[in-house]
Structure formats: structure tokens, C-alpha cells
Amino acid sequence: MSAELDGYPYSWDGLRLVVTQRAVSGIWINLWPGSTAKLSPLVLPDSESFEASVLREELVTALDTAGCHHEVNPVLTFGEQSSILTQPAEVCALFSLPGRDHHVPHHDRHYLDVIHKHTA
């Protein structure tokens with residue numbers, strides 16, 4: 001990969017990578033409640049589809065169970081969205097209420113929309 005491509009986002013469906021100084025400097029995984037997701041074979045050969053509907057409570061419980069410290073991210077928590085930031089890795093998870101066209105069982109609960117990490 002040449003240096004001219006620095007900052008260029010590489011995208012496969014819900015996965016986006018940003019390259020800076022020939023290394024991945026940012027990663028985003030975009031999910032839509034009620035959908036399924038699958039990583040590109042270029043990223044992960046033989047990957048399988050998975051349910052993309054993750055409730056905020058489910059992710060927080062999984063982080064607690066794994067002993068991963070997390071805090072409310074006040075910068076991205078307002079209105080109908082909420083966000084948490086893991087420590088010390090500083091991975092950000094953004095949650096929101098699903099839209100009317102999202103096929104989920106609970107339209108009054110926050111679902112994971114985006115999880116991202118900046119390394120540079």
C-alpha cells in the first residue's frame with residue numbers, strides 16, 4: 001500500500017478501515033438493528049453472517065462479565081442516543097433507538113449502531 005493512500009477509507013458493507021502512515025488508524029463497524037452482518041472474505045476468510053441487533057444492556061453485560069471497564073461517553077450521549085467508551089482501549093460504542101423500518105422486538109430500547117476505534 002502506498003503512502004498516497006493515507007487517510008483513505010476501505011469499506012466492505014458495515015466495516016470501514018482508515019489507513020494512516022501505512023497502518024490501520026481507525027476501524028468502524030456499522031450495524032443496523034434487525035439486520036445481519038458479515039465481514040468480507042478479504043478481511044476474514046470463511047466468516048459467517050451474524051445477527052447485528054445488539055441491545056445496549058447486552059453489550060454492557062458482556063463487558064462487565066469480561067472485566068472490561070467502561071464509562072458513559074458524555075460527548076456522544078444526548079437526545080435519543082447513548083454511548084460508552086471502554087478503558088483503557090478507548091473503543092467507542094454508539095447506541096440509538098431503532099427506526100420504524102428496523103425489524104426488532106423492542107423499539108423503545110437502545111441498539112448498537114456503530115462501534116469504532118481510533119489509533120492515531
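Is Arg56 buried, partly exposed or exposed? With a relative accessible area of 22%, Arg56 is partly exposed. This tour returns to that residue below. Please bear in mind throughout that the model is a predicted one.

**The whole chain**

Begin with the entire chain in a cartoon view. The chain contains one helix and nine strands. Read from the N terminus, the order of the elements is β-β-β-β-β-α-β-β-β-β. The chain has 120 residues, and 32% of them count as buried. Among contacts with a separation of 6 or more, 33% join residues that are 24 or more positions apart.

**The nonpolar core**

Next, select Leu31, Leu59, Val60, Leu63, Ile84, Ala93, Phe95 and Leu112, and show their side chains. These eight residues form the largest nonpolar core. Two elements, helix H1 (56-66) and strand S8 (92-96), each give two or more residues to this core. Helix H1 gives the most, with three residues. A general tendency may be recalled here: in soluble globular proteins, nonpolar side chains tend to be buried together.

Keep Val60 selected and look at its surroundings. Leaving aside residues up to four places away in sequence, Val60 touches His70 and Ile84.

**Arg56 and the ring of Phe95**

Now select Arg56, which has its place in helix H1. What does the charged end of Arg56 sit over? The charged end lies over the ring of Phe95, at 5.7 Å from the centre of that ring. When residues up to four places away in sequence are not counted, Arg56 touches Val72, Ser82, Ile84, Phe95 and His110. Two of these names, Ile84 and Phe95, have already appeared in the core.

A distance may also be drawn in the viewer from the C-alpha atom of Arg56 to that of Leu94. The two atoms are separated by 8.9 Å, although the residues are 38 residues apart along the chain. Should the reader wish to look for paired aromatic rings, the structure holds zero aromatic pairs.

**The salt bridge**

Move on to Glu57 and Arg109. How many salt bridges does the structure hold? There is one, and in it the side chains of Glu57 and Arg109 meet, with a distance of 3.4 Å from N to O. The pair links distant parts of the chain: Glu57 belongs to helix H1, Arg109 to the loop between S8 and strand S9 (111-118), and their positions lie 52 residues apart in the numbering as a separation. In general, side chains of opposite charge can pair when their charged atoms come close.

Colouring by accessibility helps at this stop. Glu57 counts as partly exposed because its relative accessibility, 39%, falls between the limits of 20% and 50%. Arg109 is likewise partly exposed, with a relative accessible area of 29%.

**Ser96 in strand S8**

From Arg109, turn to Ser96, a residue of strand S8. Ser96 counts as buried because its relative accessibility is 16%, which is under 20%. Which residues does Ser96 touch, not counting those up to four places away in sequence? They are Glu80, Gln81, Arg109, His110, Tyr111 and Asp113. Arg109 thus appears at two stops, as a contact of Ser96 and as a partner in the salt bridge.

**The two cysteines**

Select Cys68 and Cys92. Cys68, at 26% relative accessibility, counts as partly exposed, whereas Cys92, at 4%, counts as buried. The structure holds zero disulfides.

**The loop between S7 and S8**

Finally, show the backbone of the loop that contains Pro88, between strand S7 (81-87) and S8. The peptide bond from Gln87 to Pro88 is cis, with omega near 5°. Glu90 is found in the loop between S7 and S8 as well. Its phi is near 55°, a positive value in a residue other than glycine. Both features merit a look because most residues other than glycine have a negative phi, and most peptide bonds are trans. Glu90 counts as partly exposed, at 47% relative accessibility.

Note on methods. Residues numbered from 1 in each chain as written. Predicted model: local features only at pLDDT ≥ 70, side-chain atom pairs only at ≥ 80, totals over all residues. Heavy atoms only, no water. Core = buried A, V, L, I, M, F, W, Y, C linked by side-chain atoms within 4.5 Å. Buried < 20%, exposed > 50% of the residue type's maximum accessible area, 1.4 Å probe, protein only. Helix = DSSP H or I, 4+ residues; strand = E, 2+ residues; numbered from the N terminus. Contact = heavy atoms within 4.5 Å. Phe/Tyr/Trp six-rings, centres within 6.5 Å; stacked < 30°, edge-to-face > 60°. Lys NZ or Arg CZ within 6 Å of the ring centre and 35° of its normal. Salt bridge = Lys/Arg side-chain N within 4 Å of Asp/Glu carboxyl O. Disulfide = S-S within 2.5 Å.
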